[in-house]
Amino acid sequence: MIIDSLDAPAPGSSLLPTPAGDVYTDPEIFRLEQQNIFETMWNCVLRVDSLASAGEWKTVTVGREEIIVVRTRKAGIQAYYNVCRHRGMRVCTTSEGKNKTLQCGYHAWTYALEGDLVAAPNLTSMPDVDRQEYGLKPVQVREWLGYIWVCLADEPPSFEDTVLGEVRTRFGEVQSIDNYGIENLKLGESKTYEVEANWKLIIENFMECYHCATIHPELTEVIPEFADGLASQRKNGEIHGASFGSDIEGFTVDGSSGVTALPAIAPSQDRKYYAITVKPQVFINTVPDHVIIHRMFPQSESRTTVICDWLFLPEVVEQGMDISKSVELFHRVNQQDFEACELTQPSMSSKAYNRGGALVPSEHHIEEFHQWWNETMGYQRAGATESPMTTSGGSVTTDQ
Ligand code: FES
Ligand SMILES: [Fe+2]
């Protein structure tokens with residue numbers, strides 16, 4: 001259901017229940033999320049241009065695993081578990097580097113950038129050792145939108161269905177995300193936020209705009225309709241583009257004009273803001289002259305690292321055009337959102353929230369996310385354990 005006006009009474013119950021607080025605090029639930037969500041689905045981990053030449057590598061954490069992502073000489077970008085096949089030491093012990101081979105610092109087993117074991121002390125006297133079999137264990141890699149996506153599952157879900165499908169369906173045929181040419185944009189600015197909140201609180205916050213009038217004064221100045229509490233992303237059907245105010249020139253902190261517009265956007269995408277969530281850890285925001293992409297890396301049940309990138313046309317970045325007012329707008333939005341999430345997290349373990357809270361009509365679409373969570377965690381399969389999202393959070397109550 002799409003709620004188009006907050007003035008019209010919503011059919012049915014106005015308030016829907018949220019999950020109980022322990023869904024956001026229980027370490028065992030977080031462990032299952034790592035296993036069933038982050039170690040199973042596609043994760044957007046790095047910008048492709050952050051590994052510019054052969055031999056450059058970075059390590060990233062996906063679920064409970066550390067992964068080496070490297071630009072090889074012969075096979076493009078590849079990714080491996082950062083686990084030596086000899087006796088398990090971390091092969092790469094810093095966060096980035098550039099090497100001709102990847103050598104473990106314990107007994108010097110040495111791997112080609114393409115993963116095979118190529119050298120080890122006395123390896124020639126062990127001719128039976130299969131160098132591929134004892135190569136670094138690979139993980140699946142895709143490149144899309146200028147980002148490197150990895151999946152740890154032995155049989156990954158279809159990238160087309162789970163990532164492209166989600167984005168294209170939500171952007172629709174006409175208002176296609178392709179118009180923004182995101183893969184050709186350049187990084188103008190990147191900021192990392194260490195957020196003391198569960199990753200699901202951050203997604204739920206991003207999905208609704210009921211809070212916009214309260215905590216986002218600059219954003220609601222630029223997009224007045226956000227003050228009505230309606231989010232840019234909707235349930236069922238195409239995404240809703242939120243319009244700039246009539247006196248607003250650009251998506252900047254003071255509404256002044258931005259930089260060079262992306263050349264291929266459709267007229268319907270002009271002066272509009274779109275936002276989508278690519279579950280489980282990416283937000284894509286588009287405006288006519290830049291694109292903002294968030295990547296989330298959950299660290300624990302109560303801590304999440306969020307990296308936010310601001311992407312512009314290459315000439316904007318190369319010519320050093322002033323992007324500071326564009327960056328400042330969403331940086332403030334991020335700070336305001338993350339502060340709200342951090343002030344929510346401690347209450348998740350309160351007795352007053354042990355049966356959860358409530359979703360108002362303009363937040364009802366967040367239930368879709370909760371349903372997805374239940375399905376992905378395996379709580380809706382035959383014979384499955386009852387979901388902690390429904391056992392104690394099954395009804396909205398006002399008395400505790
Ligand atoms: S553990 Fe890596 S070489 Fe021995
Ligand atoms: Fe917000």
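Two strands are taken to pair when DSSP finds at least two bridges between them. With that in hand, the strands of this predicted model can be followed from one partner to the next.

A convenient place to start is β15, which spans residues 282-287. Strand β15 and strand β16 form a hairpin, with two residues between them. The two strands run antiparallel and are joined by six bridges, β16 covering residues 290-300. One point of contact can be picked out by eye: Ile 284 has Ile 293 of β16 as its bridge partner.

On the other side of the sequence, β15 also forms a hairpin with β14, this time with three residues between the strands. Strand β14 comprises residues 272-278, and its pairing with β15 is antiparallel over five bridges. Here Ala 275 is bridged to Asn 285 of β15.

How many residues of β15 are buried? The strand is mostly covered, with six of its six residues buried. Val 282, Ile 284 and Thr 286 point one way from the strand, while Phe 283, Asn 285 and Val 287 point the other way, and all are buried. Asn 285, the bridge partner of Ala 275, and Ile 284, the bridge partner of Ile 293, thus belong to opposite-pointing sets.

Turning to another part of the fold, seven strands make up an open sheet in the order β2-β11-β10-β5-β4-β3-β6, with antiparallel pairing. Strands β2 (43-47) and β6 (96-98) stand at the edges; each has a single partner strand, so one side of each is left without a neighbour in the sheet. Direction ignored, neighbouring strands of this sheet are turned by 30° against each other on average.

Within that order, β10 sits beside β11. Strand β10 (residues 138-144) and strand β11 (residues 147-151) run antiparallel and are joined by five bridges. Among the residues involved is Glu 143, whose bridge partner in β11 is Ile 148.

The helical part of this account concerns α8, residues 366-376, in which the buried residues are Ile 366, His 370 and Trp 373. Why do the buried residues of α8 line one face of the helix? Seen down the axis of α8, they fall within an arc of 55°, so they line one face. Just after the helix comes Gly 378, which takes a positive phi of about 85°.

Methods: Residues numbered from 1 in each chain as written. Chains lettered and ligands numbered in written order. Predicted model: local features only at pLDDT ≥ 70, side-chain atom pairs only at ≥ 80, totals over all residues. Buried ≥ 20, exposed ≤ 12 C-beta atoms within 10 Å, placed from the backbone. Helix = DSSP H or I, 4+ residues; strand = E, 2+ residues; numbered from the N terminus. Arc of directions from axis to C-beta. Axes fitted to C-alpha atoms, helices over the stretch in contact; angles between N-to-C directions.
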